[in-house]
Amino acid sequence: MITYAQSIIVIKKFISDLKKYNKTLSFNKNTIVPDGSFRRKSEIVGDIDLLTNIELKNIKFDEIKNISKIISSGDKRISLIYKCKINTKYKKIQIDIFYSSKSCWSYALLHHTGNKLQNIKLRR
């Protein structure tokens with residue numbers, strides 16, 4: 001668990017690492033965006049959710065030195081443990097990255113931003 005302010009640090013460092021190790025990919029402000037509890041501005045963030053329109057198979061996760069473990073991976077989602085220095089201590093934070101095509105982007109953003117109860121209500 002980290003605070004909202006700490007999650008900003010983690011997200012910036014992680015995206016910086018993604019860009020550093022994936023120089024052939026084109027990143028802009030809409031290529032990978034924070035989602036989930038961060039987007040809801042929760043005071044405490046358990047994990048970090050990111051949404052991207054870059055196919056996950058094209059991202060070189062195994063070259064990023066601060067990724068300590070890849071929990072699971074597939075075409076639409078990858079879960080990993082990222083080691084990040086916050087203040088003076090290293091913390092291991094789970095990051096879940098979800099892929100969405102540009103045509104489904106707004107729906108995916110809405111779905112991944114909402115909590116469980118909100119998503120149940122949306123489906124009704």
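## Strand pairing and the sheet

Two strands are taken to pair if DSSP finds at least two bridges between them. In this predicted model, that rule places strand 5 (residues 67–73) beside strand 6, the two running antiparallel and being joined by five bridges. Within this pairing, Lys69 has Ile81 of strand 6 as its bridge partner, and the two strands make up a hairpin with three residues between them.

Strand 6 also pairs with strand 7, again in the antiparallel sense, and here the count is ten bridges. Tyr82 is found opposite Ile93 of strand 7. The hairpin that strand 6 and strand 7 form has two residues between the strands, and in this hairpin Asn87 adopts a positive phi near 60 degrees. Strand 4 (residues 48–52), by contrast, pairs with strand 7 in the parallel sense over five bridges, with Leu51 standing opposite Phe98 of strand 7.

Taken together, five strands make an open sheet whose order is 2-4-7-6-5 and whose pairing is mixed. Strand 2 (32–35) and strand 5 occupy the edges with a single partner strand each, so that one side of each has no neighbour in the sheet. On average, and with direction ignored, neighbouring strands of this sheet are turned by 30 degrees against each other.

## Helix 1 and the main core

Helix 1 (residues 4–21) lies across strand 2, strand 4, strand 5, strand 6 and strand 7, and its direction makes an angle of about 110 degrees with strand 6. Strand 6 itself is mostly covered, given that seven of its ten residues are buried.

The largest nonpolar core comprises 27 residues, and Phe14 and Phe61 are those with the most contacts inside it. Helix 1, strand 4, strand 6 and strand 7 are the elements that each give two or more residues to this core. When neighbours within four places in sequence are left aside, the residues in contact with Phe61 are Phe14, Leu18, Leu56, Ile67, Ile70, Ile78, Leu80 and Ile97.

## The second core and Leu109

A second core, separate from the largest one and made of six residues, includes Phe98, Trp105, Ala108 and Leu109. Leu109 belongs to helix 3 (residues 105–113), and it counts as buried because its relative accessibility of 17% falls under the 20% limit.

Leaving aside neighbours within four places in sequence, Leu109 is in contact with Val33, Asp35, Arg39 and Leu51. Ser68, on the other hand, is 27 Å from Leu109, C-alpha to C-alpha, with a separation of 41 residues in sequence.

## Salt bridges

Side chains of opposite charge can pair when their charged atoms come close. Two salt bridges are present in the structure. In one of them Lys57 is paired with Glu55, and the closest N and O atoms are 3.5 Å apart. Lys57 is exposed, its relative accessible area being 67%, whereas Glu55, at 36%, is partly exposed.

The side chains of Arg77 and Asp96 also meet in a salt bridge, with an N to O distance of 3.6 Å. Arg77 lies in strand 6 (residues 77–86) and Asp96 in strand 7 (residues 89–99), so this pair ties together parts that are 19 residues apart in sequence. Arg77 is partly exposed, with a relative accessible area of 39%, while Asp96 is buried, with a value of 3%; the charged pair between strand 6 and strand 7 thus accompanies the ten antiparallel bridges by which these strands pair.

## Cysteines

How many disulfides does the structure hold when a disulfide is a pair of cysteine sulfur atoms within 2.5 Å? Under that cut-off the count comes to zero disulfides. As for the burial of individual cysteines, Cys84 is buried at 2% relative accessibility, whereas Cys104 is partly exposed, with a relative accessible area of 39%.

Notes: Residues numbered from 1 in each chain as written. Predicted model: local features only at pLDDT ≥ 70, side-chain atom pairs only at ≥ 80, totals over all residues. Heavy atoms only, no water. Salt bridge = Lys/Arg side-chain N within 4 Å of Asp/Glu carboxyl O. Buried < 20%, exposed > 50% of the residue type's maximum accessible area, 1.4 Å probe, protein only. Helix = DSSP H or I, 4+ residues; strand = E, 2+ residues; numbered from the N terminus. Axes fitted to C-alpha atoms, helices over the stretch in contact; angles between N-to-C directions. Contact = heavy atoms within 4.5 Å. Core = buried A, V, L, I, M, F, W, Y, C linked by side-chain atoms within 4.5 Å.
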